[in-house]
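Biologist: I should like to go through this protein with you, one question at a time. Please reason each answer through before giving the value or name.

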Amino acid sequence: MIQDIAPKVFHNEYQSVRPAAGDTVFVFREKKVLIAGYENEDIVFPKAGDLDAELQFLFRIDGQPYFLCPPEESERLSEEDTGSGSAFIPLMEARRSTDLPAMFACMTAYHLFTWYDRNRLCGRCGQPLQHSENERMLRCPNCGNCVFPTIAPAVIVGVTDGERLLMTKYADRAYKGWALIAGFCEIGETVEDTVRREVLEEAGIRVKNMRYVASQPWGSDSNLLIGMFCEADGATEIHMDREELSRAVWVQRADVPEMKDNHSLTGYMIEMFRTGKENEAS
Ligand SMILES: [Zn+2]
């Protein structure tokens, strides 16, 4: 999956440091990322020396620091500022690169970009927030409000019925491929409550025998995804939620398509079922 970058190690400890000219910078606009070009089909991201902007330290992978062009600086950059051959490409497209550590860095940078973008002003008194020197935190100089990065937990659920897997397609999303039942954890719910509620809401099915599979930080939507397998309990007739889904069907194991996307927890779980490994979930 996208976070599996070993032997490289992700270090998210905050440091108040300036970039060197050769350090990688992520520049986002909406759900697009700026690339400087391609090298052997892999994406090359801009370097700090290429951009005339105040940059924000993000994290390190091994010893290599990564920086963010903050939202207000990104909006200010013109085409001349970003260099010839550069272009904004959709994050979904950037994910197809084979350089996994770079993709993980890009997705995680986007998570932080979203947080900075939504927290320019204090939510309590409306004054501009200031970055702490010591930690990844924004503080209001007027009222003292402290704002920390937010993570939205959500579940990915593989519902099985013997040799069948409940597969879905979203109703209104850019991603048109096969998916599993998924949804955000609501306030006051356990992960198990979320699984029961989402499967019932989206497919009209009750479940039992829940097993945890794995989790995944998914920065493009500020998520921490929690993967669970469970079994249909009782009636297996599907009553699909047409607001959320365009398809919800039982698929026989032999007919489950091979997942080319080895980055996502959804793809990982579908592959687990297809290859008969769904009971290996801990
Ligand atoms: Zn304030």
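Biologist: How many of the 10 residues of helix H6 are buried?

Modeller: The model is a predicted one. A residue is buried if 20 or more other C-beta atoms lie within 10 Å of its own. In helix H6, Leu265, Thr266, Tyr268, Met269, Ile270, Met272 and Phe273 are buried. Helix H6, residues 265-274, is thus mostly covered, and the number buried is seven.

Biologist: Which strands do the buried residues of H6 pack against?

Modeller: Met269 and Ile270 of H6 are buried, and both are in contact with Leu180. For the buried residues of H6, the packing partners are strands E13 (152-161), E14 (164-170), E16 (207-218) and E17 (223-232).

Biologist: What is the sign of phi at Gly276, and near what value does it lie?

Modeller: Gly276 follows H6. Its phi is positive, near 75 degrees.

Biologist: Where does the largest nonpolar core lie with respect to domain 1 and domain 2?

Modeller: This core has 66 residues, and those with the most contacts inside it include Phe26, Cys106, Val157, Leu180 and Met269. Helix H4 (residues 100-118) gives the most to the core, with 10 residues. Because domain 1 (10-118) and domain 2 (152-277) both give residues to the core, its place is between them.

Biologist: Which residues does Leu180 contact, leaving aside its neighbours within four places in sequence?

Modeller: Leu180 is among the residues with the most contacts inside the largest nonpolar core. With those neighbours set aside, its contacts are Ile156, Val157, Gly158, Met167, Thr168, Thr266, Met269 and Ile270.

Biologist: Which element gives the largest share of the side of domain 1 that touches domain 2?

Modeller: The centres of the two domains, taken over C-alpha atoms, are separated by 31 Å. Eight residues of domain 1 are in contact with six residues of domain 2. On the domain 1 side, the elements that give two or more residues are helix H3 (91-94) and H4. The largest share, five residues, comes from H4.

Biologist: How many nonpolar, polar and charged residues has the side of domain 1 that touches domain 2?

Modeller: That side is made up of residues of domain 1 in contact with domain 2, eight in number. By class, the nonpolar residues number four, the polar three and the charged one.

Biologist: What radius of gyration has the protein, against that of a compact globule?

Modeller: The C-alpha atoms fill a box of roughly 60 × 50 × 35 Å along the principal axes. A compact globule of 282 residues would have a radius of gyration near 19 Å, which agrees with that of the protein, 21 Å.

Technical notes: Residues numbered from 1 in each chain as written. Predicted model: local features only at pLDDT ≥ 70, side-chain atom pairs only at ≥ 80, totals over all residues. Core = buried A, V, L, I, M, F, W, Y, C linked by C-beta atoms within 7 Å. Buried ≥ 20, exposed ≤ 12 C-beta atoms within 10 Å, placed from the backbone. Helix = DSSP H or I, 4+ residues; strand = E, 2+ residues; numbered from the N terminus. Domains from an automatic or database assignment. Contact = placed C-beta atoms within 7 Å. Nonpolar A, V, L, I, M, F, W, Y, C, P; charged D, E, K, R; others polar. Rg over C-alpha atoms; globule rule 2.2 N^0.38 Å.
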